[in-house]
Each structure stands twice: as C-alpha cells, then as structure tokens.
Amino acid sequence: MNNLNLNGSQISKGDLFQMLMRVSIASVITYYSVKWMMDQIDPTSKNKKKAKIRAEEQLKRLCEDGNFKINSQKFNDYELMIASHIVVPNDIPVCWNDIAGLEAVIQELRDSVVLPIRHKHIFSQSKLWQAPKGVLLHGPPGCGKTLIAKATAKEAGMRFINLDVAILTDKWYGESQKLASAVFSLALKIQPCIIFIDEIDSFLRSRSSNDHEATAMMKTQFMMLWDGLNTNSDATVIVMGATNRPQDLDKAIVRRMPAQFHISLPNVEQRLKILKLIMENEAVHESVDFNRLAKITTGFSGSDLREMCRNASVSRMRQFMVTNTDMAKEVLNTEFNARSPIAVTMDDLVRSFDKIQESKVHTGQVLIESRIDLD
Ligand SMILES: Nc1ncnc2c1ncn2[C@@H]1O[C@H](COP(=O)(O)OP(=O)(O)OP(=O)(O)O)[C@@H](O)[C@H]1O
C-alpha cells in the first residue's frame, strides 16, 4: 500500500519524499548560485549596495531632521537608488547669506518659492500664488546656480534630491523608466522637496532622431510625471534645473520651467561683494585693496574669485611654513588677524590673480588683449 506505481516501476512514499527534498535543495542552491554569479557579473552591484546603505542613512536623517516617519512609508528598490541622493535641509551648508551680489534673484525666489512653501496654508487659497513647479537657473559656470538651488531648499525647509542623471541614462542600471518614475514617487513621499538637476541640458536636450529609443521614452515619461505635479495640488515638489547652455534645452522642458533666472558673470560691484564675503572670516592684511581686485578681475566668476583667494591664502601659509621650522607650534601661537604673518596680502592676491588669468588665457576664456588692458 505504501508503494506507488510510476510508469510501471514501484517507488515507496519514503523514496518519493527523499527525491522531492533533493530536488528542492538543488533548486535553492541553484537559485542562490545564479544570483551570486549575476551579482558578480553586474558591474553596478557594488554601487547599488552602497547606494542602498546611503539611502537608508539619509532616510534616517530625514526622520531626525523633521516630522517625517520612515515607518509610515514603503520604498521600492528604485526609490532607494534615488534616495541615496537626498540631502536634508539641516545638512545643506549654504543659506542666502552665503551668496553675494545676487540680491534680486534671491528676492524673487524668496517671494515666489520660499514664502508659498513656508506659508502653504495661506498661499493655497489662490492657484496663482502657488510656487512654480519648475525653475530654471541658467548662466556661465561657477556663478552660483548650485548655491542658489541649495540655499532655496534650505530657506524653504525643503528636502533636496541632487539628481545624478547618469544613473537614469546609464545602460548598466537599465530600467531607466522605472528609475525616472521613482524620482517623482520618492519626491512626493518625502515632500516638500526640490529635485535638482545640474546640467539639465545634457539630460533633457532637444529631442532628435538620433536619440536611443529607451532614452526618448524615458524623457517623454519624465515630462509626463512632471505634468502630474502640476495637476496635483497637494504636491509640494519643484524641479529645479541648472544649465550653461539653455539654448540646447528641449522647448517642451523650457515650457515646464516658468520661473527662469539668468545668473551672469558678476559685474564689478558684485565681484566686490563676493570677494568681501569670501574673505569675511579670513586673516586679511591691511594692504589688500578689494576695490582694485574687483576692478582687475573682469570676466572672473564667483568660483574663480574663490579660487584666487584660496590660492593666495594657501601660498601665504606655505611661505610661513618654509620660514618657520617649528611650524605647528608657530601656527598655533600666531594670531589669525590682519597683523599676523599668515594674513594674506595684496601681493599674494595679485600673484594668484595673474596665475588664474594666465590659465584663462591658455584655455581661451580670456582674450590676450583684455589681459593687456588690465595691466
Ligand atoms: N554669488 C556668489 N557668492 C558667493 N560665492 C559664490 C558666488 N558664485 C559662485 N560662488 C563660489 O563658487 C562656487 C561654485 O558655485 P556654483 O557651484 O554654485 O556655480 P554653478 O553656477 O552651479 O557652476 P556650474 O555651472 O559649473 O555647476 C561656490 O561654491 C562658491 O564658493
């Protein structure tokens, strides 16, 4: 009775049970071996694991930072990939005070973005008072576009997703569309949120027939999801893009960013403000003439000015170290003020200016004639 007749051969129930056990064990081993092999072959698996760990850290930071409950939300794998790029407002190191010479842009962003988000209950009364769902910052490199985006998030108390578009377009990650959709679903879960896309032109440039089919589909889907924000009155999510090449942007994208700001190279007054801000807490020798520095630095961006000051300051410190053998003790005993030997001098700054100007000439950023004019 305990034997079964399979295709004419007799098998006991015990044998059958053993056979089933073996097959099950073999299947489990095969499954994990194949999974392990796939992980070894997949070049992004390490990055994915790292991204997951970072995402969990960032989501924990969100809980510590504000009234966000991680347990009430569920995140899929794609959202976790994107969540590794979240920055919580408390961790954003810049605010309006760290930006010089862009008062008009700051004022407009304060009125059109920060106020409606900070006082949502008042501004929700009229559709016309809502913050725009898309903001475009355009202008030459190094003039403060990223600074402005981060400071806006900080001042509005918004979470910031610094979207690395490479993961959306990288063929190794695949499933671009699922990742694109995760960007928006994650932003909605952690709202209020700014999705910041630096060099947005490289990602959403004018569509052409050369576009890979998957890329074209992902762009279309990105725009559809973005439109979803406009129709969802509860969504406090803003897509903020920065570009040096606004002319390369897809017209459909430009239309989705009604608030646009041109951040140009700073003029002489702006350069003066930026220089003073950069050197605000530094040891500056009385020989330093900020007005003259602002005048000679025509064509310099905020980033160039910072580099000029950094170079000068480092070179002053290096000189101090060369002439002082017991360096650590000397530095600790030296006051950090205008009279100290480590205070940066006008000569240090002019030398640093020459160096940067020289490199700008070689890289074609400054014409030789304009350099001669400055002398
Ligand atoms: N207006 C400014 N006030 C103070 N610092 C500035 C200003 N503009 C630029 N900087 C300095 O230059 C650095 C680079 O600026 P930022 O990254 O915001 O430029 P960007 O316009 O986003 O450049 P890119 O287009 O290359 O990304 C800043 O970290 C800051 O130190």
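**View 1. Helix H6 lying across four strands of the sheet.** In this predicted model, helix H6, which covers residues 145-156, lies across strand S4 (134-138), strands S5 and S6, and strand S7 (237-243). The helix runs at about 170° to S6. Helix H6 is also one of the elements that give two or more residues to the shell around the ligand, a region taken up in View 4.

**View 2. The open sheet of six strands.** The 6 strands follow the order S3-S5-S6-S7-S4-S8, and their pairing is mixed. At the edges of this sheet are strand S3 (86-87) and strand S8 (259-262), each of which pairs on one side only. For the wider setting, the protein chain as a whole has 17 helices and 8 strands, and 31% of its 375 residues count as buried.

**View 3. Bridge partners along S3, S5 and S6.** Strands S3 and S5 run antiparallel and are joined by 2 bridges, whereas strand S5 (residues 159-162) and strand S6 (residues 193-198) pair in the parallel sense over 4 bridges. Ile 86 has Ile 161 of S5 as its bridge partner, and Ile 161 in turn stands opposite Ile 195 in S6. A further pairing to look for is that of Asn 162, whose bridge partner in S6 is Phe 196.

**View 4. The shell of residues around the ligand.** Of the 19 residues around the ligand, those that come nearest are Pro 141, Gly 144, Thr 146, Gly 302 and Ser 303. The elements that give two or more residues to this shell are H6, helix H12 (268-278) and helix H14 (302-323). Sorted by class, the shell holds 9 nonpolar, 7 polar and 3 charged residues. Both domain 1 (47-262) and domain 2 (268-363) take part in the shell, with at least three residues drawn from each.

**View 5. Where domain 1 touches domain 2.** The protein chain is divided into domain 1, which spans 47-262, and domain 2, which spans 268-363. Across the boundary between them, 7 residues of domain 1 are in contact with 9 residues of domain 2. On the side of domain 1 that touches domain 2, the residues divide into 4 nonpolar and 3 polar, with no charged residue. As for contacts in the protein chain between residues at least 6 apart in sequence, 79% of them join residues at least 24 apart.

How values were computed: Residues are numbered from 1 along each chain as its sequence is written. This is a predicted model: local features need pLDDT of at least 70, side-chain atom pairs count only at pLDDT 80 or more; totals for chains, interfaces and linings use all residues. Two strands pair if DSSP finds at least two bridges between them. Two residues are in contact if their C-beta atoms, placed from the backbone, lie within 7 Å. Axes are lines fitted to C-alpha atoms, for helices over the stretch in contact, and angles run from 0 to 180 degrees between N-to-C directions. A residue is buried if 20 or more other C-beta atoms lie within 10 Å of its own, exposed if 12 or fewer, and partly exposed in between; C-beta atoms are placed from the backbone. A residue is near a molecule or strand if its C-beta atom, placed from the backbone, lies within 6 Å of it. Ala, Val, Leu, Ile, Met, Phe, Trp, Tyr, Cys and Pro count as nonpolar, Asp, Glu, Lys and Arg as charged, and the others, Gly among them, as polar. Domain bounds come from an automatic or database domain assignment.
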